[in-house]
Amino acid sequence: MAHIDRVTIHRQTIALQRPFVTAVRTAVSVDVLLVEVRDSDGRCGWGEAPTSWRVTGESVESVTAAVSGPLRGAVRGLTSDDPEAASAALERAAVRNSSARMALDCALFDLAAQEQGVPLFRYLGAGVAHVRTDMTLSAAVSESDVDSLVRTAIEFAHAGFSTLKIKAGAGGDDAMTIIEVRRAVGDDVALRVDANQGWSPQQAVNIIATLEDAGVGVELIEQPVLCDDVDGLAFVTGHAQTPIMADESVWTRRDLREIIKSHAADMINIKLAKTGGLREALELASQARRNDVGIIIGCMAETHVGIGAAAALASVIDARDGGNSRPHDLDGGLLLTRSPVEGGVTYDGERVLLSELPGSGIVGLAGG
């Protein structure tokens with residue numbers, strides 16, 4: 001029986017296609033931390049640890065310390081065919097550190113799927129090798145930002161993206177901006193709005209009411225208020241006809257129980273960097289479904305490595321929903337100038353194509 005033999009961290013910096021502006025930060029590149037887990041039979045599993053002080057509270061340095069120390073120690077020597085047990089060991093080894101745990105957790109699931117000779121999405125229980133994603137557009141602050149945002153929205157609508165997600169909450173006139181985008185792209189393109197915690201509860205209610213009165217037809221509003229303000233989130237949900245989706249407010253099943261108890265959101269955005277990996281994410285999705293809470297699988301500022309694991313999870317969600325799921329939020333790889341690896345997921349317009357090779361399908365570092 002193969003066992004976990006070696007854990008290696010690879011660090012890169014990858015430029016974005018264009019500056020990315022949200023309510024919490026502006027980015028022009030992504031600091032990439034990939035984790036490679038090798039077993040005694042020579043197979044390599046791959047995972048990624050997204051870092052953001054403002055979202056997960058983790059940095060390149062903190063992830064490196066966690067992976068190199070307690071997390072590596074927790075899995076070394078374990079068999080590579082039981083990723084759920086290894087994931088539980090990771091959770092016991094370090095409190096929080098969810099992005100660091102995500103990297104190892106996903107790499108271990110990759111290894112297990114390889115050992116069985118099946119793609120990761122099939123190992124998790126799905127049968128479709130593609131999912132759909134929205135396309136995320138930066139927040140607009142100035143009038144020139146709005147003009148640029150509208151041009152970009154038209155560009156992606158013409159490229160075949162059926163769903164656009166507009167970042168908001170950065171200080172601009174969000175209602176006016178969204179109305180302008182709707183006028184530009186027409187009614188056939190679904191619009192989502194992500195405030196990234198950038199509004200107060202009353203401000204959110206006012207903006208949403210303006211959009212509803214204008215007949216904009218926004219599909220959902222994501223995380224309108226601060227992540228810890230569950231009462232404020234419930235206030236917005238109770239005063240809006242538009243579905244409200246919790247993102248930063250929901251990391252694990254414990255958070256979702258509070259959301260359900262307070263009727264604070266209609267939907268949740270599940271991200272592996274919050275759940276700590278696939279094991280908790282699958283349980284969280286099951287809990288949401290049992291309570292009629294809608295699900296979208298999302299990503300942080302991630303490369304094709306993290307997106308691959310998230311897309312495999314999204315494929316499971318789509319399969320459970322009979323293939324009728326709405327687009328997910330997995331466009332992170334489209335925002336980059338290159339992929340850090342050979343193999344793995346690719347994009348075809350709004351479709352994220354999963355590899356049919358065993359595991360994640362990643363064969364190594366790009367140019368390695």
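The legends below describe close-up views of a predicted model.

**View 1. Helix H1 and the kink at valine 67.**
Helix H1 covers residues 60-75, a total of 16 residues. From its first C-alpha to its last, H1 reaches 21 Å, close to the expected 22 Å. A kink of about 40° lies at valine 67, shortly before proline 70. Valine 67 is also one of the buried residues of H1, which are Val60, Val63, Ala66, Val67, Leu71 and Val75. The cover over these buried residues includes two strands, S1 (4-21) and S2 (26-39), and two helices, H2 (83-93) and H3 (98-116). After H1 comes glycine 77, which has a positive phi, near 95°.

**View 2. Glutamine 17 in strand S1.**
Strand S1, part of the cover over the buried residues of H1, contains glutamine 17. Leaving aside residues up to four places away in sequence, glutamine 17 touches Leu334, Leu335, Leu336 and Thr337. Glutamate 342 is 325 residues from glutamine 17 along the chain, and the C-alpha atoms of these two residues are separated by 19 Å.

**View 3. Cysteine 44 and cysteine 227, outside any disulfide.**
The count of disulfides in the model is 0. For cysteine 44, the closest cysteine sulfur is that of cysteine 106; the two sulfurs do not form a bond because they are 16 Å apart, which is too far. Cysteine 227 is likewise in no disulfide, and the nearest cysteine sulfur, in cysteine 299, is 19 Å away. Cysteine 44 has a relative accessible area of 16% and is buried. Cysteine 227, with a relative accessible area of 23%, is partly exposed.

**View 4. The crossing of helices H5 and H6.**
Two packed helices are described by the angle between their axes and the distance between the axes. Here the axes of H5 (residues 143-158) and H6 (residues 174-185) come within 9 Å and cross at roughly 35°. The crossing of H5 past H6 is right-handed. On the H5 side, the contact is made by Val146, Leu149, Val150, Ala153, Ile154 and Ala157. On the H6 side, the contact is made by Met176, Thr177, Glu180, Val181, Ala184 and Val185.

**View 5. Asparagine 196 and glutamine 223, two loop residues with positive phi.**
Most residues other than glycine have a negative phi. Asparagine 196 is not a glycine, yet its phi is positive, at about 50°. Its place is the loop between strand S7 (190-194) and helix H7 (201-213). Asparagine 196 is buried, with a relative accessible area of 7%. Glutamine 223 also has a positive phi, near 40°. Glutamine 223 lies in the loop between strand S8 (218-222) and helix H8 (230-238). The relative accessibility of glutamine 223 is 0%, so this residue counts as buried.

**View 6. Helix H12, largely enclosed by the rest of the structure.**
Helix H12 runs over residues 304-320 and has 17 residues. It reaches 24 Å from its first C-alpha to its last, close to the expected 24 Å. Of the 17 residues of H12, 15 are buried, so the helix is largely enclosed by the rest of the structure. Glycine 322 follows H12 and has a positive phi, near 70°.

Key: Residues numbered from 1 in each chain as written. Predicted model: local features only at pLDDT ≥ 70, side-chain atom pairs only at ≥ 80, totals over all residues. Heavy atoms only, no water. Helix = DSSP H or I, 4+ residues; strand = E, 2+ residues; numbered from the N terminus. Expected span 1.5 Å × (residues − 1). Bend = angle between axes of the 7 residues up to and from the residue. Buried < 20%, exposed > 50% of the residue type's maximum accessible area, 1.4 Å probe, protein only. Contact = heavy atoms within 4.5 Å. Disulfide = S-S within 2.5 Å. Axes fitted to C-alpha atoms, helices over the stretch in contact; angles between N-to-C directions. Left-handed = near helix turned anticlockwise from the far one by under 90°.
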